[in-house]
Amino acid sequence: MTEKPLFNRLALIGTGLIGSSIARAARAQGAVREIVATARSTVTRKRVTELQIADEVVDTNAAAVEGADLVIVCIPVGACGPVAKEIAPHLAPGAIVSDVGSVKGSVLREMSAHLPKTVHFIPAHPVAGTEHSGPDAGFAELFVNRWCILTPPPGADKTAVDRLAAFWRALGANVETMTAEHHDLVLAVTSHLPHLIAYTIVGTADELATVTRSEVLKFSAGGFRDFTRIAASDPTMWRDVFLANKDAVLEMLGRFNEDVSALTKAIRRGDGDALFDHFTRTRAIRKGIVDIGQDSASPDFGRPHPDLPHDPLPKPYAADEG
Ligand code: NAP
């Protein structure tokens, strides 16, 4: 629990997995005095009301931001620009406006084009998630021990950046600051490319005529199952991520294709040494990730097995983190 609330009124625009998790965590930690939430559809707004995760649920984005000193936009990145335009005339002077989008360069450009100079715009990306969507999927512990990357634009107010960092720390996250451009390059390789590979391989297996669908499902524990879960991630969110981070993803995809070609050549030539060296190097990378506590060494990445007794907190997978 924080000693006293860091913000008076938190407005959440979008209350899916991330927005509803912020609401739950901010309340659990006493990080804000009150929470007002909204969502695009009446169905989601009704569900958020039933879940009682916000103090107030309002019908419009404009009404949500009235009087808020912290506004967090938790919607797909492609929708952030139009929403910034919509809320701009209603923002309180001095408010901090942020987002949670998985791509930062496009959000920075498209939102700052509309936001008034009287507010502090500090984009953010909590690197935490699961493959599930919607307000029921959220949980208060989602951000614990996960990174939240802030990408303040040049000249951003330091006090505002520090206040937003304190908010994310109160929710359990570790905070790192970098430029939006650097963020997009790093995430292209750590998150966007792995998702693209999962989407591809699951599609490839599905189209294989020689392997029946039931065999794919039956023997899925051999690595494929993990890909299917990642490939179940929200199609809207991921469509927007690839469109918004096109340049960095294409750059990483080019390098990836070169590496696949090198491994293909090694297999074709029967070059066991090359394969062994490569796999030894990647094993060391995996060990490094476990050593710094970003994943567990237990099978299935520490995700509780549905048939086994497990602790009540789902530990999100590294590869799910949009
Ligand atoms: P989600 O569970 O699908 O929730 C999305 C929310 O955005 C819903 O409240 C939805 O409203 C609203 N929304 C969708 N399209 C909209 C539009 N065009 N205009 C206004 N509101 C719209 O998604 P999420 O996983 O919370 O993702 C939200 C953001 O977090 C994305 O930018 C994503 O890149 C980022 N992020 C996701 C993860 C992850 O693993 N999922 C991790 C880190 C960051 P309705 O329900 O009413 O349709």
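Start with the whole surface switched on: the protein exposes about 16800 Å², with carbon and sulfur atoms supplying 58% of that area. Keep in mind as you click around that this is a predicted model.

Now swap the surface for a cartoon. You should find 12 helices and nine strands. The radius of gyration is 21 Å, close to the 20 Å that the globule rule gives for 322 residues, so the protein is as compact as a globular protein of that length. Line the view up with the principal axes, and the C-alpha trace spans about 65 × 45 × 35 Å.

Next, colour by burial. Of the 322 residues, 43% are buried. If you draw contacts between residues at least 6 apart in sequence, 75% of them join residues at least 24 apart.

Try colouring the charges too. There are 33 positive and 39 negative ones, and their mean positions sit 0 Å apart.

Zoom in on helix α10, residues 235-244, and show side chains for Trp238, Asp240, Val241 and Phe242, the buried residues of this helix. Then bring up α7 (180-207) and α11 (246-269), which are among what covers them.

Last stop: the cysteines. How many disulfides are there? The count comes to zero. Select Cys80 and measure from its sulfur to the closest cysteine sulfur, in Cys74: the gap is 9.0 Å, too far for a bond. Cys148 is in no disulfide either, as its nearest cysteine sulfur, again that of Cys74, is 11 Å away. Are these two buried or exposed? Cys80 counts as buried, at 1% relative accessibility, and Cys148 counts as buried at 0%.

How values were computed
Residues are numbered from 1 along each chain as its sequence is written. This is a predicted model: local features need pLDDT of at least 70, side-chain atom pairs count only at pLDDT 80 or more; totals for chains, interfaces and linings use all residues. Side-chain values use heavy atoms; hydrogens and water are left out. Helices (H or I, at least four residues) and strands (E, at least two) are DSSP runs, numbered from the N terminus. The radius of gyration is taken over C-alpha atoms; the globule rule is 2.2 Å times the number of residues to the power 0.38. Buried means under 20% relative accessible area, exposed over 50%, partly exposed in between (1.4 Å probe, protein chains only). Contact means heavy atoms within 4.5 Å. Accessible areas come from the Shrake-Rupley method with a 1.4 Å probe; for residues, only the protein chains shown count as cover. Lys and Arg count as positive and Asp and Glu as negative; His and the chain ends are not counted. The place of a charge is taken as NZ of Lys, CZ of Arg, CG of Asp or CD of Glu. A disulfide is a pair of cysteine sulfur atoms within 2.5 Å.
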